[in-house]
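User: I would like to go through this model with you, beginning with how the chains meet. Could you take me through it?

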Amino acid sequence: MSGAHIAHTESSRQRIFEVYRTWGIPETFLHGNRMPSSEFMLLLMAIQERISGMNVRAIPSSFNPDDPTLMAFPHTAKLGWNSCERAIRKSVSHGVLSRVPLFWQTEPNLFAACQKAGALVLINDIGNMPLGAAAIRDAEIDAIVTDSNDALTFSSYLAKSGVPLGRLWIIVHSPDSTVWELPGTLRDNPVKVAQEIHLFPGVTVLEQCSVLQNKKESHFHVSDGYESEHDGDVLILSGCEDAPLPLLRYELPMPMQIRKVCTCGKTVFSVGQ
Amino acid sequence: MSFNQIKELVALTTGKEGGQFYRRLYGLRPDAPSIKINSLGDWESLPLLTKDDLLAVPLKDRSFLPISKIDHLRPSSGTSGKGALFSPRTYLREMDYRLAYHDFKRPIVSYTVPMMPHWHEQFQQAHGIAGCSISFDPKNPAACARLARIAGADALSFFAFHVPLIAPHLVREGIAEHIRFIEIAGEACTRALFEFMRQTFPRALILPFYGSSEVEDSPIGMPCRPITGDMPLALYHGKPSHYHEIIDPDTLEVVEPTQDAEGELVITAYPGEPASFPLIRFRTGDTVRVVENECAEHGTWSFTVLGRTQMDFIKIQGGVLRADEIARVLQTMQSDVTDRYELHCTDEPGHHGPLFTPLLRVETKRPVDVAKIAADIAASLRVSPTMTYADGVAEGRYARLICEEFHPAPGAKSKRIVRQ
């Protein structure tokens, strides 16, 4: 292995083993060196029947609602969305328009983040762009939370309709996203853009500090709480501490290149080979 | 609310300090003192508040709280070509009545209406239960039903028209029989929908929720009882933080709320502080009928909701059927029809539950093929920015539009949309 940038400690590995045993996860999952996404899905399958007895939030295991193998990933019941809250605070946004699909199950966490940051929330069906535009025009909405496809569609719609883009866009990418470049409307405008990569909807694994946000490129830091290793273009994640089902040397199913150390002190990863 | 409480509310909301909405609405001069109500006559002389009054004032000038203290906004569809109204909300109070019907120990599947998913979790936590909800996404009911099954949900809370949308998926996931509580909001529950729910969810208690986007202190009426099949299906009584009046929608005179009296419900609602918008004499646009002078269990008069007073829109799965949109489409077919019509809406049993079934009675100018007219109208009639009525039919959401010729008497006033 080359380029292990953050040591993966034996103690955290043991702690993860303990958590896995409480889920009744078969020992076979614990002995592999690394866990590709396909193996993690098998692990997830093994615990589905136990989820209802745990104090967890059931979130979809896929960004595709029509995925016939859709399962639930047990996410922490603790409310909040730290990266989102930080971005809202930093941009001093007053109102947040949520345009992510409701089936992502992010509403309670987004609401909690907005409460902490002092912003109100409005849920907007992605099919109803006129309503979203009216909210920006008339209802103090100045931040938009959406995914990479909708960022293009909705920002173009706003630009065409002569509606301001607001102060902040929080754009969620999935690992299998095909759109990584920011839409020109957002790139060429002074609006702040905070991009994140979610492993599952609402599970932030990579995010941007304000330095990276300003650059408006597909460059990210690993989110707090994860231990990361890097092997070629494979980013391997373990953790996070308060997760009901922490990752164990999980291979992120998308190529990530290590770039440099950011002025904020964290390692920068870029999307792609 | 007692008379003293409404008196205090008027004084509070018309003071020189704080929100200026009512001072402007009542035409108070900048140096004028707050309004003092001394009699019921004084009260009834206060102008009624309408949705148009709310729409005319931007949110930041309308809200009684700074924007940072508002929790969330609730949009309501623009009517008659007007824009959407964004109503500020803090949090709902006096909701413990729900505990008489369900324990809320398991996750609840909830849309953003009548309450947001986060609200359900706060409600659970306030009663010592680990908060857990499954957000219902009408665009992705299968995924939500799957998550509901895995999470062990046993309760549903959403619009009445969402029930047929998720029911087949809950059946497929094998959890329909585990559902013990269904809270439904929106258009009145029809007999067809009730029968469908009873058959599909045999163990569920069905509780109606009568709310309105503009009313922060929702619900407007507390359910007197669950829906059991007894008529009227949904029965409500007032909330302690509300003052209800019934008016004649034509004369705007107050109608005495005695048994069988009918009229438009006017609501005054103030949940206490913090309140982002205390409502004073707001016209709900809903026609109600008084059922009992004194509800045996709750003391105050009880009522049932008959429908919209001057119905200019009807919410349907995935959108809204608007009166002005129907008129627009008819105006594009001027050689065949006028823009006078009546739309009669019912729910009819469909393959997957009750199906929205409209009959459009149109005034024709000459002999026409009504089937073709119906197909042409459906293809042009928008129910959302991205969907026509015909699209909804193709997706199995609605029954095919049927047209029938109609010849109203000259000058006759007709209800344009009628819910049956």
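**Chain contacts and buried helices**

Analyst: In this predicted model, 35 residues of chain A are in contact with 37 residues of chain B, contact meaning that C-beta atoms placed from the backbone lie within 7 Å. Local features need pLDDT of at least 70 and side-chain atom pairs count only at pLDDT 80 or more, while totals for chains, interfaces and linings use all residues. Residues are numbered from 1 along each chain as its sequence is written, and chains are lettered from A and ligands numbered from 1 in the order in which they are written.

User: Which elements of chain A supply at least two residues of the side that touches chain B?

Analyst: Strand S1 (56-60), helix H4 (107-117), strand S4 (120-123) and helix H5 (129-138) of chain A each do so. Helices (H or I, at least four residues) and strands (E, at least two) are DSSP runs numbered from the N terminus. H5(A) gives the largest share, six residues.

User: How many residues of that side are nonpolar, polar and charged?

Analyst: There are 22 nonpolar, nine polar and four charged residues. Ala, Val, Leu, Ile, Met, Phe, Trp, Tyr, Cys and Pro count as nonpolar, Asp, Glu, Lys and Arg as charged, and the others, Gly among them, as polar.

User: Turning to chain B, how many residues of helix H6 are buried?

Analyst: Eight of the ten residues of H6(B) (117-126) are buried, among them Trp119(B) and Phe123(B). A residue is buried if 20 or more other C-beta atoms lie within 10 Å of its own, exposed if 12 or fewer, and partly exposed in between.

User: What covers them?

Analyst: The cover includes H4 of chain A, together with strands S3 (108-110), S4 (133-135) and S5 (155-159) of chain B. After H6(B) comes Gly128(B), with a positive phi near 75°.

User: And H8 of chain B, what do its buried residues pack against?

Analyst: They pack against H7, strand S6 (181-185), helix H9 (191-200) and strand S18 (353-364) of chain B. Seven of the ten residues of H8(B) (163-172) are buried, including Leu165(B) and Ile166(B).

User: Now a loop residue: is Thr258(B) buried or exposed?

Analyst: Thr258(B) is exposed, because 11 other C-beta atoms lie within 10 Å. Its place is in the loop between strands S11 (254-255) and S12 (262-269) of chain B.

User: Which residues does Thr258(B) touch, beyond those up to four places away in sequence?

Analyst: Thr258(B) touches Val290(B) and Asn293(B). The C-alpha atoms of Thr258(B) and Val291(B), 33 residues apart along the chain, are separated by 8.1 Å.

Notes: Contact = placed C-beta atoms within 7 Å.
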